[in-house]
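The following exercises are to be solved with the sequence and the coordinates at hand. Each task is followed by a worked solution.

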Amino acid sequence: MKRNILLKTNLLICAIVIIGFVLTALLSYQANYSQSIENIEQVSTLASEGIYQELSSILSKPVNISQTMANDSLLRTLLIEESDHLKSNAYIDTIREYLETYRSKYGYDSVFLVSAATKRYYNFQGLDRTLTKDNPENDWYYTMAGNDEEYSLNVDNDEVAAANNEITIFVNCKVKDASNNLLGVVGVGLRIADLRQKLLQYEEEFGVNAFFINRNAEIELSADYNGYEKKSLFQVNDYDRNIREKILSWKNASGKVESFWSGGKDKSGKKDYVVNRYIPELDWSLVVDQNTGKIIKQIRMNLIETVLIIILILAIILIVLTRVVKSFNRKIMELTEERQQTFRKVTEQLYENIYELNITKNCAAGASTVRYFESLGVPKNMMFDEALKVVAEKQIKEEFRQGYIDLFAPKHVMEEFEKGNSHLCYDFMISENGTDYFWMRIDANIYYSPEDACVHMFTYRRNIDQEKRQEIHMAQRVETDEMTGLYNKTSTRQHIEQLLKENTDQNYAFVIFDIDNFKLVNDRYGHAAGDCVICAFAKTIQSHIASDAFAGRIGGDEFVAFMPFREMSQLQEKIEDLSQALDRDYVIGNLSLHSTASIGAAAAPKDGADFDTLYRNADAALYQTKERGKNGFTIY
């Protein structure tokens, strides 16, 4: 009787244990799987952002340099005069020296020039070849010549002698004459090894595959492929039709992303998570792909381990039941904690602080968020929208406070989420002591939580002070001519048009300066001497204009000054003073050169109220000065 009772008791205990362990294993499997899927989404999105920033950093400078060369009047002159020097080695050397100067100065792998008239391809080594339509390697040029794009990028092998056909990213810019006719294409080439190494690093560290593709889904660049190989993304990843259509059709503004799971699973049970970002500067898309294959395999292995543990427990259930149950629970907790630690480690490498908000209930959703608000003097039960104002007042610089409050206000967050936007970003200046401010970026991910049927928001804070200050510095450099420090052509136009628009009652002088016989200086003494003359010429202009005026370099040896004046007699005296100051000697090493300037001026608003009209009239006056023998000035 006792044995029957014991047997029944043992069977009941075993049944309860088996059912309990099976349910626990299944719930653990589901919890770990859900947590792992969320980790994949977070890591893939962050990886996409990191790769995008790397690409922007690498390609921004070559584009600016190529555009600078394309706007150089010296290069235009060389292309216009090419037909007169087709057999001249000196002419080829002049172009070679010009291209070599840029190559050695900025350390690019290739600097090239193609003439639209002759299709001759020059590089820093001289005349390399003549492009023909029947050679597929030249399709990039004929395609660009036939479209309206001012610049483009393409991935190809470098055919230049001694380049060993290495795969290169080429930045191509059109060179046009004053009538907007195509004179040629100039640009630089960068080996893609460094960028491919970055993609490989992301693949190894975060388990994601990244691809840059063109509008035809051909891979332009990845850790394993490049555009020269003409490999389709869909040959590498067997996406379903729905995913293919999303990748091919989705084009959005830079900085926006779309992410989605593939519709089905393969035989192993894995499915892909894809993050797609359109990059309008390149007309490429960045596709970051991660699949669940490894995670499913690992979770299944954990499940098998659990089954083995259950069998072992059943064998010794009457002896060590309590201990085994505790051991099993501890194992489950360790697996969960391991997943959380992995995600936390990856995230903390990129961000300093992570906070969670319940947007639906307008309150903090985590203990760390509550502690953060309380550390700033926010009352414990204060609503989130009110706490935002306290945080802004305590830490954020005044000019950024309202933008911070408006962007992360619960009402605005809900509006963005309903539009389908799950990501918000804000850059601002913050201080921890109230006096020393530094740049901070908040990235916020918005999602719906089925656990409490509420919309939540994770905010990730990252110190971007060094990056932001470098960005501001680069923006200032974009406005200035690198050689002289004056405004470049684009920023000169913008500043003049802004002043004309804001001060319609003010008289301004639009003055064009041209260095007389500058080409002879370059031809006789070399570009280095020419650069010294240009720099000294710019300093002379800058030192002889008032603080309320400014100067810019709008061509190789062409400068503009824009200055206010009251009477025409005052303007004439000022320009005469400038003309005399620019009639001077230059000492460059052992060389002594003498240079003068031809000047043309137009007055606003009398001679024009916009940049183009003033430029045209001042240029006409400049032409009259040159007709009279140069070294002088003419007022339109």
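**Exercise 1. Aromatic rings**

Which residues do ring pairs link into a cluster? Describe two of the ring pairs in this predicted model.

*Solution.*

Step 1. The cluster linked by ring pairs consists of Tyr 487, Tyr 508, Phe 510, Phe 550, Phe 562, Phe 611 and Tyr 615.

Step 2. A search of the whole structure yields 25 aromatic pairs. One of them joins Tyr 487 and Phe 550 in an edge-to-face arrangement, with 5.5 Å from centre to centre and 90° between the planes. Tyr 487 lies in the loop between helix H14 (465-479) and helix H15 (489-502), whereas Phe 550 belongs to strand S18 (residues 550-553); the pair thus links distant parts of the chain, 63 residues apart.

Step 3. The burial of these two residues is then assigned. Tyr 487 has a relative accessible area of 24% and is partly exposed. Phe 550, at 12% relative accessibility, counts as buried, because buried means under 20%.

Step 4. Tyr 508 and Phe 562 form a stacked pair, 4.7 Å centre to centre with 15° between the planes. This pair also links distant parts of the chain: Tyr 508 is in strand S17 (residues 508-515) and Phe 562 in strand S19 (residues 558-564), 54 residues apart. Tyr 508 is buried at 6% relative accessibility, and Phe 562 is buried at 1%.

**Exercise 2. Charges over rings**

Over which rings do the charged ends of Arg 129 and Lys 468 sit?

*Solution.*

Step 1. For Arg 129, the ring is that of Tyr 121, and the charged end is 4.1 Å from the ring centre.

Step 2. For Lys 468, the ring is that of Trp 439, with the charged end 5.2 Å from its centre.

**Exercise 3. The two faces of helix H12**

Determine which residues of helix H12 are buried and where they lie around the axis.

*Solution.*

Step 1. Within helix H12 (residues 398-408), the buried residues are Phe 400, Tyr 404, Ile 405, Leu 407 and Phe 408.

Step 2. These residues cover an arc of only 165° around the axis, and therefore lie on the same side of H12. As a general rule, an α-helix has 3.6 residues a turn, so residues three or four places apart point the same way.

Step 3. The exposed residues Glu 398 and Glu 399 are carried by the face turned away from the buried side of H12.

Step 4. The cover over the buried residues of H12 includes helix H11 (384-395), helix H13 (410-418), strand S14 (423-431), strand S15 (437-449) and strand S16 (454-463).

**Exercise 4. An open sheet**

In what order do the 5 strands of the open sheet stand? Identify the edges and the helix that lies across S7.

*Solution.*

Step 1. The order is S8-S7-S11-S10-S9, with antiparallel pairing.

Step 2. Strand S8 (219-222) and strand S9 (258-261) each have a single partner strand, so one side of each has no neighbour in the sheet; these are the edges. From one strand to the next, the twist averages 20°.

Step 3. Strand S7 (residues 209-213) and strand S11 (residues 284-291) are antiparallel and joined by 5 bridges. Phe 212 has Leu 286 in S11 as its bridge partner.

Step 4. Helix H7 (residues 241-249) lies across S7, S9, strand S10 (272-279) and S11, and runs at about 175° to S9.

Note on methods:
Residues numbered from 1 in each chain as written. Predicted model: local features only at pLDDT ≥ 70, side-chain atom pairs only at ≥ 80, totals over all residues. Heavy atoms only, no water. Buried < 20%, exposed > 50% of the residue type's maximum accessible area, 1.4 Å probe, protein only. Helix = DSSP H or I, 4+ residues; strand = E, 2+ residues; numbered from the N terminus. Arc of directions from axis to C-beta. Contact = heavy atoms within 4.5 Å. Pairing = 2+ DSSP bridges. Axes fitted to C-alpha atoms, helices over the stretch in contact; angles between N-to-C directions. Phe/Tyr/Trp six-rings, centres within 6.5 Å; stacked < 30°, edge-to-face > 60°. Lys NZ or Arg CZ within 6 Å of the ring centre and 35° of its normal.
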